[in-house]
Amino acid sequence: MDFFEYASLVSAFVVEEQRWISYVVGGLCFLIIFGFQAVALYTIAGREGYKNRWFAFIPFLNTYYIGVCAQKNRCFKTVDTKLIAMITAIVEALLVIGFILNEVGCSLAMPFAEVIETNEIYGVTIEIKEVRSIPENLAWAGWCYNYLYEYILRWVELVYLFLEIMVLVAFFQTYASRRYLLFTITSVLFPIQGILFFVVRNNAGMNYRDFLRAEQERQYKMYSQYRQQYNQNPYERNYGQPPYDQNPYGQNPYSNKNENAGAASADDPFSEYGNDKNPDDPFGDLN
């Protein structure tokens, strides 16, 4: 599918009469990127011990082999990643056949296309064409020009895109667990999937759930070390201080006096003015 993306990008810079240039340039770009991806899958399969490594160099089988290399992940639990990759490869093959048929039909029907609407967007004139009169032997080409992409291929392309995302998520979760989302989105938005595969080719494959478990353990260990280093109270030790309800300096020197005074006051309400029991009372002789 990347071939048609490259060809579509190049076609924006060439006139319709020179569309073959977009095919040539798109084909060269596709071969380069596909080569990177094939080498990456071949390397991964050799390290992981997967069979039929030559699948990596065959279009469509290459897509299936992405699921083979990602099967360690078990990304979708009960659904085998290889099965999803096989369905993706079949849809991709049908889509490529449809695009080839559409390109051939559009090329044959283009001389018979008529402008039915003209729009101007940001100073650029866009002509909408439709084939309304065409020889009977090219009726299929006119149908392809008018309906094939808009009503069939566009929807098949959406289905393929959904399946491709699932396969890429499974693959990058296996070999780029920490950045799998970034790599998946980049592969979908830009036709550089093969380069990203080549970047992660030497990474060891792992189950994504095992990766999450290891990350949780690592973060918990870091948190525990942080608590021990920064959150330990240096004043937790007991330095022999008594509780708050006790005198830290020992026995209260006024405790006996207070107790005696309390006892005396209980016997004589005027004991504070002196009596026989208090020899220090200067007025004791008056009694």
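In the predicted model, Arg201 is placed over the face of Phe198, 3.8 Å from the centre of the ring. A second arrangement of this kind involves Arg53, which lies over the face of Tyr42 at 4.2 Å from the ring centre.

The overall architecture provides the setting for these local features. The chain comprises 9 helices and 2 strands, and its elements follow the order α-α-α-α-β-β-α-α-α-α-α from the N terminus. Of the 287 residues in the chain, 31% are buried. The exposed surface of the chain amounts to about 19700 Å², of which carbon and sulfur atoms supply 59%. When contacts between residues at least 6 apart in sequence are considered, 59% join residues at least 24 apart.

Helix α4 spans residues 81-109 and contains 29 residues. The distance from its first C-alpha to its last is 41 Å, close to the 42 Å expected at 1.5 Å a residue. At the start of α4, Asp80 places a side-chain oxygen within 3.2 Å of the backbone nitrogen of Lys82.

Aromatic pairing was examined across the whole structure, and 13 pairs were found. In one of them, the ring centres of Trp54 and Phe55 are 4.4 Å apart and the ring planes stand at 90°, so the pair is classed as edge-to-face. Phe55 has a relative accessible area of 15% and is therefore buried, the cut-off for this class being under 20%. Another edge-to-face pair is formed by Phe172 and Phe183, with 5.5 Å from centre to centre and 85° between the planes. Because Phe172 belongs to helix α5 (residues 139-175) and Phe183 to helix α6 (residues 180-189), this pair ties together parts that are 11 residues apart in sequence. Phe172 and Phe183 are both buried. Ring pairs further join these two residues with Phe171, Tyr175 and Phe197 in a cluster.

Helix α6 also contains Thr186. Beyond residues up to four places away in sequence, Thr186 touches Ile192 and Leu196. The C-alpha atoms of Thr186 and Leu196 are separated by 8.8 Å, the two residues being 10 residues apart along the chain.

Two buried polar residues were considered in turn. Gln193 is located in helix α7, which covers residues 193-199. Its relative accessibility is 8%, so Gln193 counts as buried. With residues up to four places away in sequence left out, the contacts of Gln193 are Gln37, Ile66, Glu164, Leu168 and Ser187.

Asn146, in turn, is situated in helix α5. At a relative accessibility of 16%, Asn146 is likewise assigned to the buried class. The side chain of Asn146 approaches the backbone oxygen of Val131 to 2.9 Å. Apart from residues up to four places away in sequence, Asn146 touches Glu130, Val131 and Tyr151. Val131 thus appears both as a contact of Asn146 and as the residue whose backbone oxygen is reached by the Asn146 side chain.

Key: Residues are numbered from 1 along each chain as its sequence is written. This is a predicted model: local features need pLDDT of at least 70, side-chain atom pairs count only at pLDDT 80 or more; totals for chains, interfaces and linings use all residues. Side-chain values use heavy atoms; hydrogens and water are left out. Rings of Phe, Tyr and Trp (its six-membered ring) pair if their centres lie within 6.5 Å; planes under 30 degrees apart count as stacked, over 60 as edge-to-face and the rest as tilted. Buried means under 20% relative accessible area, exposed over 50%, partly exposed in between (1.4 Å probe, protein chains only). Helices (H or I, at least four residues) and strands (E, at least two) are DSSP runs, numbered from the N terminus. A charge sits over a ring if NZ of Lys or CZ of Arg is within 6 Å of the ring centre and within 35 degrees of the ring normal. Contact means heavy atoms within 4.5 Å. Accessible areas come from the Shrake-Rupley method with a 1.4 Å probe; for residues, only the protein chains shown count as cover. The expected span of a helix is 1.5 Å times one less than its number of residues. A polar contact is a pair of N or O atoms within 3.5 Å; within protein, one must be able to donate a hydrogen and the other to accept it, and residues adjacent in sequence count only if both atoms are side-chain atoms.
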